[in-house]
Amino acid sequence: MEQQLLIIAGLGLVCFGALAFVLLSPTEKDKSKKRVESLNVGRGLARATGANAAQAEAQNKERRKKLTETLEHLDNQTKNLKKKKRVSLSQQLEQAGLTAKPKHFYIGSLIAAVTFGFVGLISGQQLWITGLLFVVGGLGFPRWIVNFLIKRRKKKFLNEFSNAIDVIVRGVKSGLPVNECLKIIARESPKPVCDEFHQLTEGIRIGMTMEQSLARMYERMPLQEVNFFGIVLMIQQKTGGNLAEALGNLANVLRSRKLMEGKIKALSAEAKASAMIIGALPFLVMGAVKLASPDYLTPLFATKTGNFILIGAGIWMLTGVMVMKKMVQIKV
């Protein structure tokens, strides 16, 4: 009797489960509706994703267009500056870091010419040698001094320029604006970097644009590194981007260029020493012969034929020195 009751209860549970399954299971119509809804949701997501991708592509195209226009403009500006090969005397004095005006330079050249000519007269030199000393003192020596000061100032600027860029990188990463970073460099960097950045910030303060101020800075300090710096700032200003990363890469490039220049100087030191010895050898031999036999070289200075020989030897000597100088110079 109990077994029959258990069998009946089990059959009842099975029937109840089958009935519940039939009543509660989704119909084919419900499955179709859910399938259609899922397809519609997928299509909506695909449309949204496609719209976002199209918008991002349009933004990238616009940014690339602005970047191309900026690079073309900066390239044309650099070419125009390079076309002006002749630099005025006032610009040369400014590049040398001198506050003197051109009229002061001409007065100093006249004084140098008179001094060199006077040295030739009191030393008993011939008239053409005295005239040559006068020309060298008036035209050659002052220009050489200015060029020497320009090269020395450029070298000092390059030694500290990468550190100045690092200041901008750290300032931008900490949230400071670019103009404030430029002011920090103008206050705390050593000369001549502080002078150049001070004039840059002053130009911006009085109303000049960043592009105009950077072009003016490149005129005062005509270096490729300054040109690179201006290009990076102008591209970031017009097209956006990560300024800290761009300037950090620029600082690394400048340090790599400096390291390469040091390696080149080390490798070419032997050739330069050989060139200096070869260039000084004729004068050393002449001095030794003059000490051993004072009258042996007198015809070179006392006769016209000897004078022409000296002039020709000097020209050939100068040509050889210039050729050797070009051979040992390697541009990075």
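**Aromatic rings.** I began with the aromatic side chains of this predicted model, where ring pairs link F116, F141, W144 and F148 into a cluster. I counted eight aromatic pairs in the structure. Within the cluster I looked up F141 and W144, whose ring centres are 6.4 Å apart with the planes at 25°, so I noted the pair as stacked. Both residues sit in helix α5, three residues apart, which means that about one helical turn separates them. F141 is partly exposed, at 37% relative accessibility, and W144, with a relative accessible area of 52%, is exposed.

I then turned to F161 and F197, whose ring centres also lie 6.4 Å apart but whose planes stand at 35°, so this pair is tilted. Because F161 belongs to helix α5 and F197 to helix α7, the pair ties together parts that are 36 residues apart in sequence. I found F161 and F197 to be buried.

**Nonpolar cores.** F197 came up again when I looked at the largest nonpolar core, which has 30 residues and in which F157, I165, F197, F229 and L247 have the most contacts. The elements that give two or more residues to this core are α5, α6 (178-188), α7 (193-205), α8 (210-220), α9 (224-239) and α10 (243-292). I followed F157 further and, leaving aside neighbours within four places in sequence, found F157 in contact with P192, V193, E196, M217, M221, L223 and V226. Apart from the 30-residue core lies another one, of seven residues, including L89, L93, A96 and I150.

**Salt bridges.** I noted seven salt bridges in the structure. E196, which I had just met as a contact of F157, joins its side chain to that of R153 in a salt bridge, at 2.9 Å from N to O. E196 is in helix α7 and R153 in helix α5, 43 residues apart, so that this pair links distant parts of the chain. I recorded both E196 and R153 as buried.

The salt bridge between D166 and R255 has its closest N and O atoms 2.3 Å apart, and it too links distant parts of the chain, with D166 in helix α5 and R255 in helix α10, 89 residues apart. Here I found D166 buried, at a relative accessible area of 17%, whereas R255 is partly exposed, at 33%.

For E202 and R205, which meet in a salt bridge at 2.7 Å from N to O, I noted a separation of about one helical turn, because they are three residues apart in helix α7. E202 is partly exposed, with 27% relative accessibility, and R205 is exposed, with a relative accessible area of 60%. I also found a network of salt bridges that links E94, R216 and E219.

**Helix α4.** I looked next at α4 (residues 102-122), which has 21 residues and reaches 30 Å from its first C-alpha to its last, close to the 30 Å expected. Its buried residues include F105, S109, A112, A113, G117 and G120; these cover an arc of only 130° around the axis, which puts them on the same side of α4. The face turned away from that buried side carries the exposed residues K103, L110, I111, F118, L121 and I122. Among the elements covering the buried residues of α4 I found α3 (89-95) and α5 (127-173). After α4 comes G124, which has a positive phi near 75°.

**L318.** My last entry is L318, in helix α12 (residues 304-328), which counts as exposed at 54% relative accessibility.

Terms used:
Residues are numbered from 1 along each chain as its sequence is written. This is a predicted model: local features need pLDDT of at least 70, side-chain atom pairs count only at pLDDT 80 or more; totals for chains, interfaces and linings use all residues. Side-chain values use heavy atoms; hydrogens and water are left out. Helices (H or I, at least four residues) and strands (E, at least two) are DSSP runs, numbered from the N terminus. The expected span of a helix is 1.5 Å times one less than its number of residues. Buried means under 20% relative accessible area, exposed over 50%, partly exposed in between (1.4 Å probe, protein chains only). The arc is that of the directions from the helix axis to the C-beta atoms. Contact means heavy atoms within 4.5 Å. A nonpolar core is a set of buried Ala, Val, Leu, Ile, Met, Phe, Trp, Tyr and Cys residues joined through side-chain atoms within 4.5 Å. Rings of Phe, Tyr and Trp (its six-membered ring) pair if their centres lie within 6.5 Å; planes under 30 degrees apart count as stacked, over 60 as edge-to-face and the rest as tilted. A salt bridge is a side-chain nitrogen of Lys or Arg within 4 Å of a carboxyl oxygen of Asp or Glu.
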